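The following exercises ask the reader to derive local and global features of one protein chain from its coordinates. Each task is followed by a solution in steps.

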Amino acid sequence: MNIAISNRISQIPFSSIRGIFEEAGRMEKNGARITHMEIGRPDFDTPVHIKSAASLALDKGYVHYTSNSGIPELREAIAGKLKRENGIIVDPHHEVVVSIGCKEAILDTIIAFINPGDEVLIPDPSWLEYQYMVELAGGVPVPVPLHEKKDFILDPNDVRDRITDRTKMIILNSPHNPTGTVLDGQVLRELAEISITNHLLVLSDEIYEKIIYDNEKHISIASLPGMFERTITINGFSKSYSMDGWRLGYEAGPSALIQPIMKVHQYNTTSATSFAQYGAVEAYNGTQEPVADMVKEFNHRRQLLVNRLLEIPNVSCVIPKGAFYVFPSFKHLGISSKELAMYLLKEAQIACVPGSAFGKNGEGYLRLAYSTDTKQINQAMDRLTELLKKIPKQG
Ligand SMILES: Cc1ncc(COP(=O)(O)O)c(C=O)c1O
C-alpha cells in the first residue's frame with residue numbers, strides 16, 4: 001500500500017544528528033565506553049522536595065485531567081515567579097498556560113500565529129526545532145547570522161536588515177543554545193525598539209534563564225517598556241530544576257496572545273500531567289538551593305572545559321555565559337562538523353553534536369555539553385587533544 005504522507009511532514013527531515021546517536025548506541029552495545037557530551041539536559045536528579053510533592057499528589061489521587069491551562073496553584077506560582085524575578089505582571093487565570101515542556105509551548109505559539117508565507121526571524125545557529133516548527137506551520141524561517149567575532153551576540157542591525165513586510169515574529173533565546181551567549185540590556189532594548197517599530201511578535205524562550213555565570217543578569221524582554229503586549233515568554237522546568245522527563249513548561253503574556261495559544265494547547269494535549277504540576281509548584285515556591293548548587297557545579301565544569309579547549313592549537317572558543325554548552329570552532333581542520341563529530345565518536349569515544357545541526361552558520365563548530373563530571377571531561381579532552389594531532393590540517 002502506498003500511503004502519501006502530508007506535504008507538511010515530507011518537507012521536514014529527521015534530525016541530522018540521528019546517525020551519531022545510532023552509532024553511539026551501536027558502539028556501546030559492543031562494549032565501548034562513550035563520554036556523552038551531546039546530551040542537552042542536566043545530569044542531576046530532580047531535587048527531593050519536588051519529587052516528594054509530586055509523589056504526595058499521586059497518593060492523594062490527583063490523577064485526572066486538570067484545567068486546560070494547568071492547576072491554579074501552579075499558574076499562581078508562575079505568576080509570582082514572573083513578577084518577583086522577571087518584572088512581568090500576569091493574571092494567573094488568563095495569561096498563563098502550563099504546557100508539556102517548552103517545546104509544546106513553542107509549537108503551540110507558532111501554530112497560533114504563523115500563517116503560510118509569514119516570515120520568522122531566527123538566530124543562526126539556534127536550536128533547530130524553531131526552524132522546523134515554523135516550516136510545519138507553513139511559515140518561512142529567516143536566519144539571522146550570529147558571528148564568532150561578535151561573540152555570537154545577536155546584532156540588532158542584522159535583524160533590521162532582514163525585516164520585510166512579511167516579517168511576523170522574532171524568536172529570541174537567551175541564554176542561548178548552542179553558544180551560551182546572554183543578551184544584555186542594551187541589545188534587548190534595541191531589539192525591543194525594532195519589534196515595536198515593525199509590529200513584530202516576540203517569542204522569548206528563556207528556558208536556560210537560571211543557568212547563568214560571571215554575574216551576568218538575565219533580562220526578560222517582556223519587562224521592557226511597550227514589550228509585554230507583543231511578547232510571549234516561554235519557560236519551563238527541564239533545565240533549571242533537572243526535570244526534563246517531567247515534561248513541563250509554560251507560556252505567559254497578555255490574554256490576547258495567550259488565549260489563541262490556549263486553543264491549540266486544548267486540542268493538542270488537554271492539560272499537562274496532573275501530579276507533575278504539583279511538583280512544579282514546589283520547584284518555584286520551595287528552596288532554590290539545589291539550583292544554586294547545580295549552577296556552581298556547571299560553572300566549575302564550564303571553566304575546566306573552556307580551558308582545556310583553549311589549550312588545543314588553532315581551536316577557538318567564545319566563553320559561554322549561560323546554559324551548559326561550549327561551542328568551539330574547529331574550522332582550521334577543513335572538514336565538515338558532521339564528519340568531525342563522527343570521527344570523534346569512533347576514534348575518541350566522545351559523543352557531541354555537529355554545529356551544522358544548529359543551522360548553516362554552525363558549520364565548523366561542535367556543541368559540547370558539560371552535563372558530565374569533571375573526570376570524564378578531563379579524560380575526553382585528553383583523547384580529543386591526542387586525536388587532533390593526527391588530523392592533517394587542510395588547505
Ligand atoms: C533552546 C531550547 N528551548 C526549548 C527546549 C525544550 O525544552 P523542554 O524540555 O521544556 O520541552 C530545549 C531543549 O533542549 C532548548 O534547548
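**Exercise 1. Describe how the chain is divided into domains, and characterise the interface between domain 1 and domain 2.**

Step 1. The chain falls into domain 1 (13-40 + 290-390) and domain 2 (48-285), with bounds taken from an automatic or database domain assignment. The model is a predicted one, in which local features need pLDDT of at least 70 and side-chain atom pairs count only at pLDDT 80 or more, whereas totals for chains, interfaces and linings use all residues. Residues are numbered from 1 along each chain as its sequence is written, and side-chain values use heavy atoms, with hydrogens and water left out.

Step 2. Between the C-alpha centres of domain 1 and domain 2 the distance is 26 Å.

Step 3. Contact (heavy atoms within 4.5 Å) involves 29 residues of domain 1 and 30 residues of domain 2.

Step 4. The size of an interface is often given as the accessible area lost when the parts come together. Here domain 1 and domain 2 bury about 2500 Å² between them, with 60% of it on carbon and sulfur atoms; the area is that lost by two parts on being put together, for a 1.4 Å probe, summed over both.

**Exercise 2. Analyse helix 8 (residues 185-197): its span, its start, its buried residues and what covers them.**

Step 1. Helices (H or I, at least four residues) and strands (E, at least two) are DSSP runs numbered from the N terminus. Helix 8 has 13 residues and reaches 18 Å from its first C-alpha to its last, close to the 18 Å expected at 1.5 Å a residue; the expected span is 1.5 Å times one less than the number of residues.

Step 2. At the start of helix 8, a side-chain oxygen of Asp-184 comes to within 3.2 Å of the backbone nitrogen of Gln-186. After the helix follows His-199, with a positive phi near 55 degrees.

Step 3. Buried residues have under 20% relative accessible area, exposed ones over 50% and partly exposed ones lie in between (1.4 Å probe, protein chains only). In helix 8 the buried residues are Gly-185, Val-187, Leu-188, Leu-191, Ala-192, Ile-194 and Ser-195. An α-helix has 3.6 residues a turn, so residues three or four places apart point the same way.

Step 4. The cover over the buried residues of helix 8 includes helix 7 (156-161), strand 5 (167-173) and strand 6 (201-205).

**Exercise 3. Classify the ring pairs that Phe-152 makes with Phe-327 and with Tyr-365.**

Step 1. Rings of Phe, Tyr and Trp (its six-membered ring) pair if their centres lie within 6.5 Å; planes under 30 degrees apart count as stacked, over 60 as edge-to-face and the rest as tilted. The whole structure holds 17 aromatic pairs.

Step 2. For Phe-152 and Phe-327, the ring centres are 5.7 Å apart and the planes stand at 70 degrees, so this pair is edge-to-face. Phe-152 belongs to the loop between strand 4 (140-145) and helix 7, and Phe-327 to the loop between strand 9 (325-326) and helix 12 (337-348), 175 residues apart. Phe-152 has 1% relative accessibility and therefore counts as buried; Phe-327, at 1%, is buried as well.

Step 3. For Phe-152 and Tyr-365, the ring centres are 5.5 Å apart with planes at 70 degrees, so this pair is also edge-to-face. Tyr-365 lies in the loop between strand 11 (353-354) and strand 12 (366-369), so the pair with Phe-152 ties together parts 213 residues apart in sequence.

**Exercise 4. Determine whether Ser-337 is buried or exposed, and identify its side-chain partner.**

Step 1. Ser-337 is located in helix 12. Its relative accessible area is 1%, so Ser-337 is buried.

Step 2. A polar contact is a pair of N or O atoms within 3.5 Å; within protein, one must be able to donate a hydrogen and the other to accept it, and residues adjacent in sequence count only if both atoms are side-chain atoms. The side chains of Ser-337 and Ser-356 are joined by one of 3.2 Å.

Step 3. Beyond its neighbours within four places in sequence, Ser-337 is in contact with several residues, including Pro-354, Glu-363 and Tyr-365.
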